[in-house]
Amino acid sequence: MKKNQDTFYKSSLSRWHDYYAYVPFSEKVFLDFKENLPTYINTIIYFGCGGCRNLIPFNGKYNLIGIDQVDIVIPPKELINFTYYKMDLAIEGFTLDIDLTNSLCISHGCFMYIEQHQQINIITDLKNKGCKNFLLQEYDNEISDYPGDYYPFENFHKFEKCMYHPNNIMHTWKQITY
Ligand SMILES: C[S@@+](CC[C@H](N)C(=O)[O-])C[C@H]1O[C@@H](n2cnc3c(N)ncnc32)[C@H](O)[C@@H]1O
């Protein structure tokens, strides 16, 4: 894992207990949508979950799944009750053989580490497994100088590209099917 990823990952670990007090602009999108999701959604899958704090808004109401390429530090179960799968999406792709018809896939700075053709393969696989709902919060190389391995995330499966909060240097690539 690159050093900047490692630093970000460690800093995110301390944000479980003060999640609601802290929530930066770039993460408010999950709070915005948590009350307005289609009622058939019962599972949230978080790609590149890191410290998993963005699962907190959905805790208790959904089956929660976190996916990351590293051994994450598992948060206290009373704060986030979820199942973790270690998976390198760039190398393995999405390997869970599950029906995603009732799922929402979310990310917060994960797909930007994965080359565009792999991003496309993963999203295609998720769609083939039935997923119709995506909230992918990623940096945009036109407005961000985030020092990661950024790859273009444009025209992504015709998802709607939105900017939900002023001062947010991330964009949301969205598809919600009601
Ligand atoms: C910038 S951090 C964001 C972490 C978390 N989403 C957050 O907001 O705190 C990027 C995360 O994506 C994960 N990641 C990067 N490349 C990945 C890959 N190929 N497969 C799975 N996870 C990956 C990293 O391990 C890291 O936890």
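Which residue of strand 2 does Tyr 46 stand opposite? In this predicted model, the residue facing Tyr 46 is Gly 66 of strand 2. The two strands concerned, strand 1 and strand 2, run parallel and are joined by five bridges. The paragraphs below place this pair in the chain as a whole, then in the sheet and the core.

The chain has 178 residues, of which 33% count as buried. Its secondary structure comprises five helices and seven strands. Read from the N terminus, the order of elements is α-α-α-β-β-β-α-β-α-β-β-β. Of the contacts between residues at least 6 apart in sequence, 66% link residues at least 24 apart.

Seven strands make up an open sheet with mixed pairing, and their order across it is 3-2-1-4-5-7-6. At the edges are strand 3 (83–86) and strand 6 (160–162), each of which pairs on one side only. From one strand to the next, the twist averages 20°.

Further along the sheet, strand 4 and strand 5 are paired in the parallel sense through four bridges. Within this pair, Ser 107 has Leu 136 of strand 5 as its bridge partner. The connection from strand 4 to strand 5 passes through helix 5, forming a β-α-β crossover that is right-handed. Strand 5 is mostly covered, with five of its six residues buried. Strand 5 is also joined to strand 7 (residues 170–175) by six bridges, and here the two strands run antiparallel. One bridge partnership links Gln 137 with Thr 172 in strand 7.

Met 170 also belongs to strand 7. Met 170 counts as buried because 23 other C-beta atoms lie within 10 Å, the cut-off being 20 or more. Apart from neighbours within four places in sequence, the contacts of Met 170 are Ser 26, Gln 137, Glu 138 and Tyr 139. The C-alpha atom of Met 170 is separated by 8.9 Å from that of His 108, although the two residues are 62 residues apart along the chain.

The largest nonpolar core contains 36 residues. Ile 44, Tyr 46, Phe 47, Leu 55, Leu 64 and Cys 105 have the most contacts inside this core. Two or more core residues come from each of helix 3 (28–34), strand 1 (43–47), strand 2 (63–68), strand 4 (103–108), helix 5 (116–128) and strand 5 (134–139). The element giving the most is strand 1, with four residues.

Tyr 46 thus appears both in the strand pairing and among the core residues with the most contacts. When residues up to four places away in sequence are not counted, Tyr 46 touches Cys 52, Asn 54, Leu 55, Ile 65, Gly 66, Ile 67 and Ile 106. Gly 66, the residue opposite Tyr 46 in strand 2, is therefore also one of the residues that Tyr 46 touches.

Cys 52, another residue touched by Tyr 46, is found in the loop between strand 1 and strand 2. Cys 52 is classed as buried because it has 24 C-beta neighbours inside 10 Å. The backbone of Cys 52 has a phi near 70°, a positive value in a residue other than glycine. Most residues other than glycine have a negative phi.

Note on methods
Residues numbered from 1 in each chain as written. Predicted model: local features only at pLDDT ≥ 70, side-chain atom pairs only at ≥ 80, totals over all residues. Core = buried A, V, L, I, M, F, W, Y, C linked by C-beta atoms within 7 Å. Buried ≥ 20, exposed ≤ 12 C-beta atoms within 10 Å, placed from the backbone. Contact = placed C-beta atoms within 7 Å. Pairing = 2+ DSSP bridges. Axes fitted to C-alpha atoms, helices over the stretch in contact; angles between N-to-C directions. Right-handed = clockwise from strand over helix to strand, strands pointing away.
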